[in-house]
Amino acid sequence: MRKAFLIWLLAIAPAAGAEWKIAEPGLRYEFPRDHHVHEEFKTEWWYFTGNLTNASGGLFGYELTFFRQGVRSPAERAGTTSRFLVGDLKFAHFAVTDAAGRRFFFEQKTSRGSFGEAGFGESDRLAWIDSWDLKMNPDGSFDLAADMSGADLRLHLAPLKAPVVHGTKGISEKAAGEGHASYYYSITRLRTSGQLRLRDVRFAVTGESWFDHEWATNQLAAGQAGWNWVSAQFDDGSELMLYEMRLTNGAIDPVSSGTFIRADGSSIALTSADFQMTPATFWRSKTTKASYPIGWKIAVPREQLDFAIHPVLKDQELILSPIIYWEGAFNLEGTRAGKPISGRGYIELTGYATPLQELNR
Amino acid sequence: MAVPGLPREGGAQSQHTLRANPEGRASAAFARPWTSRSSCPPTGLAPARFLCILRHLIQQYFLLFRWQVLRYLQRHPLLATLNVATVALGVALFLAIQIANQSANRAFEASVDVVAGKAQLEVNAPAGNLPDNLLPEIAHQPGIAAATPIVRGFVTLPQFPGEYLDLLGIDVFTNEAFRTFQLTDFSAETFDLQQWLRGPRVVALSEGFAQQHQLHAGDEITVQSNGTTKRLTIGFLLRSKDSAVAPDTHFAAIDIGWAQELLGRSGTLDSISLRLTKGADPKTVVAALRKIVPPDATVAAPAQRGEEIGKMLAGFQLNLAAMSLVSLLVGMFLVYNTIEASVVRRRSEIGILRSLGATRAEVRWLFLGEAAVLGLIGIGAGMVGGYFLARALVGTVAETISSLYVLIHVQQLEIAPWVWISSFILGLVSVLGAAWLPAQSAAAADPVQALHGGLRIERATRLSRGWIFCGAVSLLLAAVLSWLALNTGPPWLGFGAAFFVLAGFSLAAPELIARFSRLLRSHLHRRIEPLLAAVNLGRALLRNSITIASLAAAVAMTVGVAVMVFSFRQTVSTWIDQTLIADLFVGPAANEIAGPNSFMPPEAIQFLERNAAVEAIDTFRALALPFRDQTISVAVVRGSNRRNLRFLHGRNDEIMPRFYGEQCVLVSESFARRFHLAAGDTMELPTPSGRAAFPIAGVFYNYTNDQGLLFLSEKNFRRLWHDERVNSVAVYLKKEASPQSVADEFRQRFSHRGEFSVYSNRALRTRIFEIFDQTFAVTYVLRTIAIVVAVVGIFLGLTTLVAERAHEIGVLRSIGASAGQVQRLLLWESGMIGLLASALGMAAGLCLALVLTGVINRAFFGWTIQLAFPWASLAWTPLWIVAAAIVAGWIPAWRAGRLDVADAIRSE
């Protein structure tokens with residue numbers, strides 16, 4: 001799901017549909033082929049989040065996402081010669097949370113990629129924009145690199161589980177009606193190690209990451225106000241992905257769904273009837289005056305799962321243009337089948353600072 | 001004569017005063033201030049006493065002023081009005097030209113602001129051929145914080161004839177830091193990036209342009225560029241953000257990719273705007289950039305372009321400003337005349353005032369005050385009028401600048417406070433300066449003599465040799481200044497020469513009048529009216545000299561400008577006859593509106609080349625190259641031995657083969673003068689293939705641009721610039737071929753929607769002269785106003801004359817002269833003044849024409865104008881001047897005829 005709202009702005013443009021493919025049921029995912037770019041779809045992203053620790057026990061979160069937003073479908077690209085007329089836009093978000101230091105760094109990069117300085121590759125370089133880079137190694141591991149004024153990060157990520165496809169029949173529904181869906185898979189646990197620099201201090205970090213890859217065309221519908229998205233990694237080796245699509249009338253869209261991944265890698269698709277998400281604590285941004293529900297109580301009765309989300313830092317708000325959202329690392333604690341359970345994860349809250357209606361105009 | 005007489009006309013006001021009030025009360029009224037001065041405490045604190053006296057002095061001055069000046073003016077509303085009007089005209093013209101010039105400059109700067117935005121540095125490719133793949137390398141140079149590419153082109157809008165868009169291809173991803181405008185959807189404050197990028201050809205228009213042509217979101221407009229027709233979709237508005245001056249509404253923005261497509265510019269940029277990191281040294285950055293940009297690209301601060309244009313326009317604008325001053329100069333003569341008249345009329349009052357205890361200074365200030373009142377009203381009116389005149393003139397000035405120098409569109413008047421202040425000061429100084437001499441003479445008057453009516457006529461009838469000597473010195477100075485202006489500079493010394501020509505001839509006026517008067521006196525024995533007129537002319541020598549000199553100055557100005565424009569036109573005409581010999585001229589229609597920025601499609605050139613009726617074609621490509629830190633205009637021509645240039649030295653058939661065969665250039669006369677170059681010198685020019693040396697093979701006559709022109713052969717250009725684009729084509733037809741049928745054939749094939757303008761030889765000539773006349777339109781306006789001021793001058797001068805001689809006229813009438821005879825006498829006098837003024841003016845004008853054509857034009861614009869005289873219109877000049885003088889003399893003459901004889905000679 002994630003970050004589709006970012007694209008919302010762009011994707012809502014009505015004329016776009018005809019030339020682009022839409023996500024239809026029945027796709028057979030193939031790897032590593034599907035790690036690569038899907039140019040015939042309008043929007044696509046590669047999304048990494050993770051919780052890391054250093055030798056002295058400091059806790060750090062990171063987010064690195066590469067977005068592709070189609071401007072002209074491959075069919076429309078013929079007949080022009082300007083290098084500035086590109087098929088898609090490239091942009092990326094990079095954020096680092098320093099829980100102990102109560103610091104949060106973030107930056108956005110955008111580019112046409114007219115000179116190859118940004119792009120999505122068919123080779124092992126999956127996505128890049130300037131020095132921010134996502135590489136896939138022959139052994140199936142990934143290398144990430146990104147830097148900004150306060151921080152830079154170099155990580156090696158080795159999958160601990162096979163990719164999990166979300167939704168049913170290979171598509172993840174985002175709204176009622178045909179075509180409002182995406183192709184969406186995750187590698188829910190990757191062993192992560194590397195280097196992090198914060199200001200002038202560089203140190204080694206280790207931890208676990210989560211990788212999402214999603215592509216679609218016009219997956220969203222009008223009347224959607226934003227969403228809450230959660231990825232949780234439990235210490236018993238299982239993971240959970242949930243999202244709630246909020247409608248402008250205040251209700252939750254019934255297409256909201258999730259996936260529970262057991263320690264053995266098998267997964268269970270969850271519908272909106274299978275889980276409850278209840279906001280517990282709120283944080284009000286001084287900059288944007290937006291009030292975000294950053295702490296949650298979550299119940300998945302089917303899996304006898306009950307837990308609470310506690311963000312490692314209140315201020316993990318990304319104030320970017322044109323989109324402002326909150327995305328942050330959290331710790332969790334709760335019970336599974338009566339036994340205590342803990343873990344970590346990331347939560348994304350959109351549509352709180354900038355009403356989507358505003359943005360949609 | 002025990003009691004001083006008070007002639008009715010001159011002293012009407014005081015007479016009225018005396019009649020209305022018993023003498024004692026009048027005296028008391030004058031005396032009160034003097035007595036009240038002593039009401040200040042005789043002792044006490046010095047400052048308090050000083051202030052008290054000062055207050056009384058001021059009160060006293062205003063009392064006097066009200067009695068003496070305001071009432072007088074009230075009595076002579078026509079005189080006052082004319083004075084005010086001439087001062088107003090002079091100030092208005094000066095102000096209007098200042099405002100128009102300034103607005104034009106500011107409009108250009110505003111356009112630089114829009115294009116370069118907040119850039120600190122700019123990499124510019126003169127031929128618009130900056131490779132776009134340079135961008136990443138430039139952006140990653142140390143010291144560069146941000147870099148954004150720009151492609152710029154002009155498109156015309158056939159739906160709205162004469163309209164164009166100055167299309168900026170921008171990259172919204174990188175130009176955020178540079179933008180001085182906002183891009184928004186029509187409806188709201190948002191911006192649909194998707195629509196902007198997806199295109200095809202979605203454009204942002206300025207709000208002003210959209211409103212003017214009632215264009216809305218989603219509308220499509222047809223545009224023409226490079227001889228092709230395309231459609232643009234209107235999607236966005238371009239709103240200015242924080243620019244002090246609203247940018248030209250012709251600016252439109254489009255995504256840089258679509259701009260490259262639309263303008264056929266894929267792979268190239270016009271410029272790259274740069275912002276520096278904090279603390280980066282611009283010089284170091286420039287030096288580093290110079291190493292990576294092509295040799296012909298420039299790296300400089302964008303403000304420099306504004307300055308360069310400012311310099312380029314300076315000569316043109318200074319000339320306008322100088323001409324605008326002529327009216328003020330003529331106006332000064334008039335003010336002098338009026339104040340002098342007022343002094344003469346009120347001699348006896350001055351005597352009374354002086355005998356009542358008024359000091360010389362007080363009398364002087366009384367008359368200066370009169371001038372100041374007239375002046376201030378005139379200046380006030382002139383400022384208001386100047387503003388409106390500026391609004392009327394600015395379009396013409398901008399059009400002239402656009403057709404001669406650089407495309408500008410003035411959106412609004414730009415009026416700096418100093419313009420108001422300087423025109424105010426200039427007006428006041430001129431008025432007070434003009435009034436100084438009469439005021440001084442009033443102050444110097446001996447009270448006894450002033451009260452003695454018989455001596456009120458000017459005494460200085462004896463001709464002093466000093467005048468003619470000063471005149472000769474002035475002319476000599478004019479010659480010296482001309483030489484300096486031409487040989488050492490600065491060019492504005494030429495205006496000094498023009499001034500001294502006028503001064504020299506003006507100083508010759510007394511001698512001329514005296515001789516003329518003597519001549520007539522010795523020949524006219526029978527005809528009493530002309531004889532008396534001639535005698536009178538010679539008697540009030542100084543005053544008549546000034547009347548005649550002021551009129552002569554205006555005539556001289558008219559004649560000088562007429563001869564200059566005529567010579568210029570003749571020279572251009574001859575030049576065109578010799579050089580413009582092709583039969584057809586074909587170019588993209590956009591070039592005519594927006595300058596040579598569009599290119600001929602190769603297939604159109606091929607069509608003409610291969611046409612059976614065509615003997616040969618010549619190509620033209622305009623280019624601006626940097627040379628010695630300035631921008632020079634370069635014309636790339638194919639030639640094919642057809643081009644017939646006229647050279648200053650050397651023969652066409654020797655120079656042209658060299659030009660086509662070797663690596664060399666030809667430069668125009670203005671160019672050679674501007675850069676102090678001559679045939680045989682070698683110029684080094686930056687080319688994309690590195691700097692190359694070009695010997696100058698010849699210097700040719702050219703009148704298209706005062707900045708000068710450099711000719712480069714197409715062969716050399718293609719070899720060094722690797723650029724085959726052509727702006728227009730000249731077609732030479734075979735002998736029997738019809739230009740009309742070739743033009744029709746071309747139109748049918750390529751120009752059915754008006755993409756190209758096709759001119760026949762004749763039509764192009766007509767067009768050239770349209771532009772020429774437009775260039776001089778403002779000159780004509782200035783000249784006309786100067787003439788109006790001059791005619792007003794004759795009227796004023798004669799009115800004064802009648803007023804002065806009321807007494808004498810009375811005597812004439814009393815000894816038997818009829819009213820008709822008196823009137824004829826005065827008409828003779830005004831006719832003679834007109835005749836002398838036109839004679840003097842013609843002579844001065846011809847001399848001025850020499851200075852204007854041979855000195856000012858050469859020094860400022862660097863071209864040779866062959867002097868030619870519009871004899872027919874010159875022959876008419878004295879006739880209408882004399883006629884105007886007689887008409888202007890009519891009212892004073894009529895008045896003189898109605899003079900009450902008894903009143904006029906009461907004093908006798």
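I began at the end of helix α28 of chain B, where B:G816, just after the helix, takes a positive phi of about 115°. This is a predicted model, and I kept that in mind for every entry that follows.

**Helix α28 of chain B**

I then looked up which residues of α28(B), spanning 806–814, are buried, and found B:A806, B:H807, B:I809, B:G810, B:L812 and B:R813. I noted beside this that an α-helix has 3.6 residues a turn, so residues three or four places apart point the same way.

**B:R858**

Next I turned to B:R858, which is found in helix α29 of chain B, residues 819–861. Is B:R858 buried or exposed? I counted 21 other C-beta atoms within 10 Å of B:R858, and because the cut-off for burial is 20 or more, B:R858 is buried. Leaving aside neighbours within four places in sequence, I listed the contacts of B:R858 as B:L486, B:W863 and B:T864. I also checked B:P491, which is 367 residues from B:R858 along the chain, and found the two C-alpha atoms separated by 8.7 Å.

**The nine-stranded sheet of chain B**

I traced an open sheet of nine strands in chain B, with mixed pairing and the order β17-β18-β16-β19-β15-β14-β20-β13-β21. The edges are β17 (682–687) and β21 (756–760) of chain B, and each has a single partner strand, so one side of each is left without a neighbour in the sheet. From one strand to the next, the twist averages 30°.

At one of these edges I followed the pairing of β17(B) with β18(B), residues 690–700, which is antiparallel and runs over six bridges. Within that pairing, B:T687 stands opposite B:G690 of β18(B).

I then asked which strands of the sheet helix α25 of chain B touches. Helix α25(B), residues 739–750, packs on the sheet and touches β13, β14, β20 and β21 of chain B, and its direction makes about 180° with that of β21(B). Helix α21 of chain B, residues 602–610, lies across β13 (584–588), β14 (614–627) and β20 (728–733) of chain B, and I recorded its direction as about 145° to β14(B).

**Chain B as a whole**

For the whole of chain B I recorded 31 helices and 21 strands, with buried residues making up 49% of its 908 residues. Among contacts in chain B with a separation of 6 or more, 84% join residues 24 or more positions apart.

**Chain A**

In chain A I found two helices and 23 strands. One pairing I followed closely was that of strand β16 (residues 257–261) with strand β17 (residues 267–271) of chain A, which is antiparallel over five bridges. In this pairing A:G258 has A:L270 of β17(A) as its bridge partner. The two strands form a hairpin with five residues between them, and A:G265 in the turn has a positive phi of about 95°.

On overall shape, I compared chain A with the expectation for a compact globule of 361 residues, a radius of gyration near 21 Å, and the 19 Å of chain A agrees with it. Along the principal axes, the C-alpha atoms of chain A fill a box of roughly 60 × 45 × 45 Å. I noted that 50% of the 361 residues of chain A count as buried, and that residues 24 or more positions apart account for 59% of the contacts in chain A with a separation of 6 or more.

**Where the chains meet**

How many residues does each chain bring to the contact? I counted 16 from chain A and 20 from chain B. The side of chain A that touches chain B has six nonpolar, five polar and five charged residues.

**Confidence**

I closed with the scores, which are ipTM 0.84 and pTM 0.72 for the model. Chain A has a mean pLDDT of 88, with 93% of its residues at 70 or more, while chain B averages 80, with 89% of the residues scoring at least 70.

In chain B, pLDDT is below 50 over residues 1–38, a stretch that has 52 contacts in the model beyond near neighbours in sequence. In chain B it also stays under 50 over residues 454–460, with ten contacts beyond four places in sequence. In chain A, pLDDT stays under 50 over residues 1–17, with 49 such contacts beyond four places in sequence, and over residues 356–361, with 14. Where pLDDT is low, the predicted coordinates should not be read in detail.

How values were computed
Residues numbered from 1 in each chain as written. Chains lettered and ligands numbered in written order. Predicted model: local features only at pLDDT ≥ 70, side-chain atom pairs only at ≥ 80, totals over all residues. Contact = placed C-beta atoms within 7 Å. Nonpolar A, V, L, I, M, F, W, Y, C, P; charged D, E, K, R; others polar. Pairing = 2+ DSSP bridges. Helix = DSSP H or I, 4+ residues; strand = E, 2+ residues; numbered from the N terminus. Axes fitted to C-alpha atoms, helices over the stretch in contact; angles between N-to-C directions. Rg over C-alpha atoms; globule rule 2.2 N^0.38 Å. Buried ≥ 20, exposed ≤ 12 C-beta atoms within 10 Å, placed from the backbone. pLDDT = per-residue confidence, 0-100.
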